[in-house]
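Biologist: Before we discuss this entry, I would like each label to be justified by setting a value against its cut-off. Could you take me through the reasoning in that way?

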Amino acid sequence: MDVLLLLADGMLLSLQPLNLVMILLGVTLGLFIGAMPGLGSVNGVAILLPVTFLVPPGSAIIFLAAIYYGAMYGGAVSSITLGIPGASTAVATTFDGRPLAQQGRASLALVTAALASFIGGTVANVLFTLFAPLLASVALSFGPPEVFALMLLAFATFVGLGGDDIPKTVFSICFGLVLGAVGFDQISGAPRLVLFDYNGFLQGIGFLVLAIGVYGIGEMLWTIDQTRGDVTATTPKMTIKGMASDTKEAAKRGWKGTMIGSFLGFFVGVLPAAGATPGSLMSYGVAKMVSRKPEEFGKGSPDGVAAPEAANNSASTGSMLPMLTLGIPGSPTTAILLGGMVIWGLVPGPRLFVDEQEFVWGLIGSFYISNVAALLINLAFIPVFIWMLRMPFTILAPMIFVLSIAGGYAATRDMFDIWLIVLFGLGAFFMRKFDYPLAPAVLAIVLGPIAEPTLRQSLLLSSGDPSIFFTRPVAGPITIIALVLIFLPAIKVVRRMRDERKPAS
Amino acid sequence: MNLTKRMLMSMAGAALMFAAPMQAVAQDWQPRKPIDFVIMAGAGGGADQIARFIQAVAEQEDLTTRPLVPNNKGGGSGAEALIHVSTASDPDHTILVTLNSFFTTPLRQQNLGIDIQTFTPVAMMGVDPFVLWVHKDSGITTFEEYVAKVQEMDGEFVMGGTGAGQEDSIVIAYMSGAYDLDIKYIPYDGGGAVAKDLAGQQIMATVNNPAEAKGFYEAGDFVPLLAFSDERMPAYPDVPTIKEMGHDFSYYNQRAIVGAPGMSEEAAAYYQDLFTQVYESEQWQGYLTSESLSPLWMDAAEQRDYWALQVENHQALLAALGE
């Protein structure tokens, strides 16, 4: 029970007045940074890093971790209310959050997101507290073949994501994979797919650029096309009573997604290099796969909001683990935290838990407190977010457009990306017109750049022998499950085609 | 109306009075917006650690009026970063943390059309040596045992390192040639990922910089076998150098800051002054010692000469590799 004593000390430490102020400030700032399209936790932490030199190191990292946490909550807000992902970690939240908002259930979506985030964060904190050293060794046991197997599993869950039209889903995945391959080849260092010799393509296609284009601009065009601007943007009302019933409904219809997101998100977050974005997308896929009503996904399922939101909070705690125990950042945001720690004289790595006990447990304790603070602050702001939705769509549409363009520019400060956003927005609109599912393409552009190098590294390890994915103790079972999931729908399709042919013949 | 006009006039006058001294100050160039601090490598590797350390020193000592915003562009052995910086729309606010791929990548990929002499020298913060590491569970404790093991495994000994034609592969290729070793080489996107996979024993050996391997070395997981520095390193006095073994070879990674091509002289002077202050800070000097970097301070003209020399050296090294 040493751990619990240390944790209690840590919590007391983070409840000291200065630290508590840091937590409240950090969470609130993070909430708004996360809600602004284009500004994610990475930018927030980078911009606010200097502020932290005014306070002692322990309070500083608590502040930064609180921003990170708050941003994970905030990302859901613009995903749901405007349909623009507030951060790349919240892209999957738009899949079902946006339809819910359009049905006038924005408050249900926001409450579900907040509760799922809270539970995801809490589950992750408990896992972190109890199993940190063990999980660090799990992270180390994931070499290239294991990571590739996991990516394969993620794709497998998404084959079922695009509804029943498997060929269109596969096309969408392939389209995303090709876009993800644009830029430089990591293994040989050679440029490839530099379309029309535009130098902008050398840097690859940024995920956030794609997401803002597809969901910001594309969604806006779609809504205008569907409604001719005459949107019954529904008039959501916020009352205490309404929120209480939303909470009940969120608990009832979102618990499954929350559980999946909480655990899966954490494990994906623990693996260095993966981070919260793949974690949230994978959780969405799995939640849909195991759901009894998969047809609701994409049309406004609370599970579909809960899974990615629980996962991105859970993964953000998870990605702290390799940073603290191995000195390797699990996500771009933790990479910046790492820089902060080095200058404060803390050396992340295997010895940190031994040498800097007070710091480590103070930080872990602050996760718990931040999580509670973020939930309360978020719930308190929900009426404000809802208020935005009362505006007529003719006012909202130009706002979405401006936010999309400004957010896209803020992320990379490159005009080229703005043209891409517009292009992707138009492309997404037409893909939707022809009933091509978009989510698989978005998933592929995130996971492709992780899957491809690990595939090639694995094959280099085995001198080209693909059995490496089956013979290793961890990679083997994952690969087999993935393959079964991929071919299951294919078998279904073949069967159905045969059945259809029989009566005809 | 009159009153308003008079007020406006006096306000304009006041503004002029304030503006005069402001202009005098403005001649000393200052950044007007956050500085794009591009890193030629992925997160967690040696270059990244250094960039983040420098950023933190600059913030802590309040050396800049606008923040340095780290921007990892590790793709294509740093080609992504070189393209980004050389096409920067605002060269006065774009600087690059380099490693040796600053020399090798333009050589290997002539089609990028990068001429490094167009970049603006800013500061040489130090050079980082390479060390050969194995995992403690391998049972290997000396370089001789390592050579015997690699030869015994006959092409199945796996080493990881940064991308093809980059620093790690150059060091490993030289060593393989000198000792007739057949090594299976797996490229990664950064030194951090390489060190992590040695810790997990996904690979059998690496040539990480001391900074990347230090945490695992201190925890007792990594064993250093051989240094590629000119002299033995103070932090690893028992580790022999390849020079002692009779091979005239040493290899360092440069840790230098360069400005974008087309940077104005005023901005270059600003950054040179800024990084001189960082270099002389207690923190950076402490970092050089604790992470086993060697100091190699140079002024701008010396840096340009150094670049030319390094391009020549790397041409020879890459030619020997058959690149």
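Modeller: Let us begin with burial: a residue is called buried under 20% relative accessible area, exposed over 50%, and partly exposed in between. Please keep in mind throughout that this is a predicted model.

Biologist: Why is Asp230(B) called partly exposed?

Modeller: The relative accessible area of Asp230(B) is 34%, and since partly exposed covers what lies between 20% and 50%, Asp230(B) is therefore partly exposed. Lys243(B), at 32% relative accessibility, counts as partly exposed as well.

Biologist: What makes Lys243(B) and Asp230(B) a salt bridge?

Modeller: The rule asks for a side-chain nitrogen of Lys or Arg within 4 Å of a carboxyl oxygen of Asp or Glu, and the side chains of Lys243(B) and Asp230(B) meet at 2.7 Å, N to O. Both residues are placed in the loop between strand 9 and strand 10 of chain B, so the pair ties together parts that are 13 residues apart in sequence.

Biologist: Why is Glu146(A) called buried, and what are the distance to Arg472(A) and the separation in sequence?

Modeller: Glu146(A) has a relative accessible area of 2%, and because buried means under 20%, the label follows for Glu146(A). The side chains of Glu146(A) and Arg472(A) meet in a salt bridge at 2.9 Å, N to O. Glu146(A) lies in helix 7 of chain A, while Arg472(A) is in the loop between helix 20 and helix 21 of chain A, so the salt bridge ties together parts that are 326 residues apart in sequence. Arg472(A), at 22% relative accessibility, counts as partly exposed.

Biologist: How do you know that helix 7 of chain B is largely enclosed by the rest of the structure?

Modeller: Eight of the nine residues of helix 7 of chain B, residues 191–199, are buried, so the helix is largely enclosed. Among the buried residues are Val194(B), Lys196(B), Asp197(B) and Leu198(B). Just after this helix, Gln201(B) takes a positive phi of about 55°.

Biologist: What makes Thr64(B) buried, and which polar contact does the side chain make?

Modeller: Thr64(B) has 8% relative accessibility and therefore counts as buried, the cut-off being under 20%. The residue is placed in the loop between helix 2 and strand 2 of chain B. A polar atom of the Thr64(B) side chain lies 2.9 Å from the backbone oxygen of Arg66(B), and a polar contact requires N or O atoms within 3.5 Å. Leaving aside neighbours within four places in sequence, Thr64(B) is in contact with Ala58(B), Tyr270(B) and Leu274(B).

Biologist: How is Ser280(A) in helix 11 of chain A classed, buried or exposed?

Modeller: At 1% relative accessibility, Ser280(A) counts as buried. A polar atom of the Ser280(A) side chain lies 3.0 Å from the backbone oxygen of Thr277(A). Leaving aside neighbours within four places in sequence, the contacts of Ser280(A) include Thr89(A), Ala92(A) and Pro308(A).

Biologist: What makes up the interface of chain A and chain B, and how many salt bridges are counted there?

Modeller: The area buried between chain A and chain B is about 3,500 Å², of which carbon and sulfur atoms give 64%. The count between chain A and chain B is zero salt bridges, whereas seven residue pairs are found in polar contact across this interface. Helix 14 of chain A supplies five residues, the largest share of the side of chain A that touches chain B.

Key: Residues are numbered from 1 along each chain as its sequence is written. Chains are lettered from A and ligands numbered from 1 in the order in which they are written. This is a predicted model: local features need pLDDT of at least 70, side-chain atom pairs count only at pLDDT 80 or more; totals for chains, interfaces and linings use all residues. Side-chain values use heavy atoms; hydrogens and water are left out. Buried area is the accessible area (1.4 Å probe) that two parts lose on being put together, summed over both. A polar contact is a pair of N or O atoms within 3.5 Å; within protein, one must be able to donate a hydrogen and the other to accept it, and residues adjacent in sequence count only if both atoms are side-chain atoms. Helices (H or I, at least four residues) and strands (E, at least two) are DSSP runs, numbered from the N terminus. Buried means under 20% relative accessible area, exposed over 50%, partly exposed in between (1.4 Å probe, protein chains only). Contact means heavy atoms within 4.5 Å.
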